[in-house]
Amino acid sequence: MRELEAILLVGGQGTRLRPLTIGTPKPLLPTAGVPFLAHQLARARSFGVRRVVFATSYRAEMFSDAFGDGSAFGLSLEYMTEDTPLGTGGAIRNAAEALTCGPDAPVLVLNGDILSGHDIGDQVARHVAREAALTLHLTEVEDPSRFGCVPTDETDRVTAFLEKTPNPVTNRINAGCYVFTRSVIDTIPQGEVVSVERETFPGLIEAGALVLGYPDASYWLDVGTPAAFVKGSCDLVLGRLPSPALPGPTGDLLALPGAVVSPEAKVSGGSAIGARAVVEAGAKVTGSVLGDDCVIESGATVADSVVGAGARVASGAVLRDAVIGDGAVVGPRNELVEGARVWPGVTLPECAIRFSGDV
Ligand code: GTP
């Protein structure tokens, strides 16, 4: 079989992850010590992908700066940029201009914000064996009402692609990894804003094309929210999802070169400590992501949170479920909880206020 080509959707603005995504697109955020995409690219490569077309829009140039021609990753990379975002379907159609495969070849399409342990090779093989137009990776979630749901028949044929509803008919949802037959991508209108979820998938089902589901119960996470992003990084460090892209030894924590963690600090829960970051004696960091060059002073507590590059968390401050933008300073004794977000560069003076919104 010829080498598999993939399209990686990375043009979104990542609004739910602001302020982290103001300067850095979501797929490039440091996750377990490397850009998030490094984990996805390494996994795709392990299943036979050799050429990847990035569908970029928001901060497009940062992707080529980070990954170049891909040779360092054993991949050949191309970049196709939309002047204005074309939505998921328009982006796939635009990126397909850079594919080299013929009309009958399978093409893998990946959302750039998903961690998945499923067997991509088996998904592609199933697609080819059944001669499907499209094969959708499906995962099961406890509460499918927050997602569109995807019912299938006993042969795994997808029977509908349903919008969010309070009473979902199945807890199987679209997991953001698709195999298209190349000629099917070519039917998406070119240069127009198109959503695969709202237009292409329902349209194919209605037209009677064979749209298959690939249900799977292995590790799966959409890292689109701050809480999920932190969980994804910690899960990689803890080894809950094996990744060939981890930059060093892991376990309860991952510390990048130059990080200084005091032996009297407590760091656990799969926390990632950025390069040259400092965690002082008596500080407690659990299940968190600390950016490069940040400082957690003695007696501070950081739990389930993200601290941006160059930020400082002063003595006695408490972060729980919080996001601290790059270069921000959290003064002593502030308590930031329940999704509190501090914008980059903001300084919170010393006080004992409990914040749970945007600062
Ligand atoms: P939110 O703004 O927080 O919802 O995040 P997002 O912008 O990433 O949107 P969403 O999670 O719905 O996007 C799913 C995937 O499609 C992500 O990998 C996005 O980068 C990508 N994506 C969404 N819209 C576009 C687009 O218009 N162009 C391109 N190239 N990619 C897109």
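The questions and answers below concern a predicted model of one protein chain.

User: How many helices and strands does the protein chain have?

Analyst: The chain holds both kinds of element. One of the helices is α1, at residues 36-46, and one of the strands is β17, at residues 284-286. The totals for the protein chain are 7 helices and 29 strands.

User: What radius of gyration does the protein chain have, and what would a compact globule have?

Analyst: The C-alpha atoms fill a box of roughly 65 × 45 × 35 Å along the principal axes. For 359 residues, a compact globule would have a radius of gyration near 21 Å, and the protein chain agrees with that, at 21 Å.

User: What percentage of the residues in the protein chain is buried?

Analyst: A residue counts as buried when its relative accessible area is under 20%. The protein chain exposes about 14700 Å², and carbon and sulfur atoms supply 51% of that area. Of the 359 residues, the buried share is 52%.

User: Which domains does UniProt place on residues 6-235 and residues 252-347?

Analyst: Both names come from unreviewed UniProt annotations. Residues 6-235 are 27% helix and 25% strand, with end C-alpha atoms 25 Å apart. Residues 252-347 are 0% helix and 41% strand, with end C-alpha atoms 31 Å apart. For residues 6-235 the record gives "Nucleotidyl transferase", and for residues 252-347 it gives "Mannose-1-phosphate guanyltransferase C-terminal".

User: Why is helix α3 described as largely enclosed by the rest of the structure?

Analyst: Helix α3 runs over residues 87-95. Its buried residues are Gly89, Gly90, Ala91, Ile92, Arg93, Asn94 and Ala95. The helix is largely enclosed because the buried residues number 7 of 9.

User: How many residues of helix α1 are buried?

Analyst: The buried residues of α1 are Phe36, Leu37, Ala38, His39, Gln40, Leu41, Ala42, Arg43 and Ala44. After the helix comes Gly48, with a positive phi near 100°. Helix α1 is mostly covered, and the buried count is 9 of its 11 residues.

User: Is Leu37 buried or exposed, and which residues does Leu37 touch?

Analyst: Leu37 is part of helix α1. Its relative accessibility is 0%, so Leu37 counts as buried. Pro247, 210 residues away along the chain, has its C-alpha atom 13 Å from that of Leu37. Setting aside residues up to four places away in sequence, Leu37 touches Leu8, Val10, Pro27, Phe54, Phe63, Phe67 and Gly112.

User: Where does Thr286 lie, and which residues is Thr286 in contact with?

Analyst: Thr286 belongs to strand β17, and its relative accessibility of 26% makes it partly exposed. Between the C-alpha atoms of Thr286 and Ala209 there are 48 Å in space, for 77 residues in sequence. Beyond neighbours within four places in sequence, the contacts of Thr286 are Ser268, Ser271, Val302, Ala303 and Asp304.

User: Which peptide bond is cis, with omega near 10°?

Analyst: Most peptide bonds are trans. The bond in question leads into Pro19, a residue of the loop between β1 (4-9) and β2 (30-31). The cis bond runs from Arg18 to Pro19.

User: What is the phi of Asp321, and what is the phi of Arg333?

Analyst: Most residues other than glycine have a negative phi. Asp321 is in the loop between β23 (318-320) and β24 (323-324) and is partly exposed, with a relative accessible area of 39%. Arg333 is in the loop between β25 (329-330) and β26 (335-336) and is partly exposed, at 47% relative accessibility. Neither is a glycine, yet phi is positive in both: about 60° for Asp321 and about 70° for Arg333.

User: How far apart do the centres of the positive and negative side chains lie?

Analyst: The protein chain has 28 positive side chains and 42 negative ones. Each set has its own centre, and the distance between the two centres is 3 Å.

User: What percentage of the contacts between residues at least 6 apart joins residues at least 24 apart in sequence?

Analyst: Contact here means heavy atoms within 4.5 Å. Taking the contacts in the protein chain between residues at least 6 apart in sequence, the share that joins residues at least 24 apart is 50%.

How values were computed: Residues are numbered from 1 along each chain as its sequence is written. This is a predicted model: local features need pLDDT of at least 70, side-chain atom pairs count only at pLDDT 80 or more; totals for chains, interfaces and linings use all residues. Side-chain values use heavy atoms; hydrogens and water are left out. UniProt positions are given in the numbering used here, feature names are shortened, and annotations may be inferred rather than shown by experiment. Helices (H or I, at least four residues) and strands (E, at least two) are DSSP runs, numbered from the N terminus. The radius of gyration is taken over C-alpha atoms; the globule rule is 2.2 Å times the number of residues to the power 0.38. Buried means under 20% relative accessible area, exposed over 50%, partly exposed in between (1.4 Å probe, protein chains only). Accessible areas come from the Shrake-Rupley method with a 1.4 Å probe; for residues, only the protein chains shown count as cover. Lys and Arg count as positive and Asp and Glu as negative; His and the chain ends are not counted. The place of a charge is taken as NZ of Lys, CZ of Arg, CG of Asp or CD of Glu.
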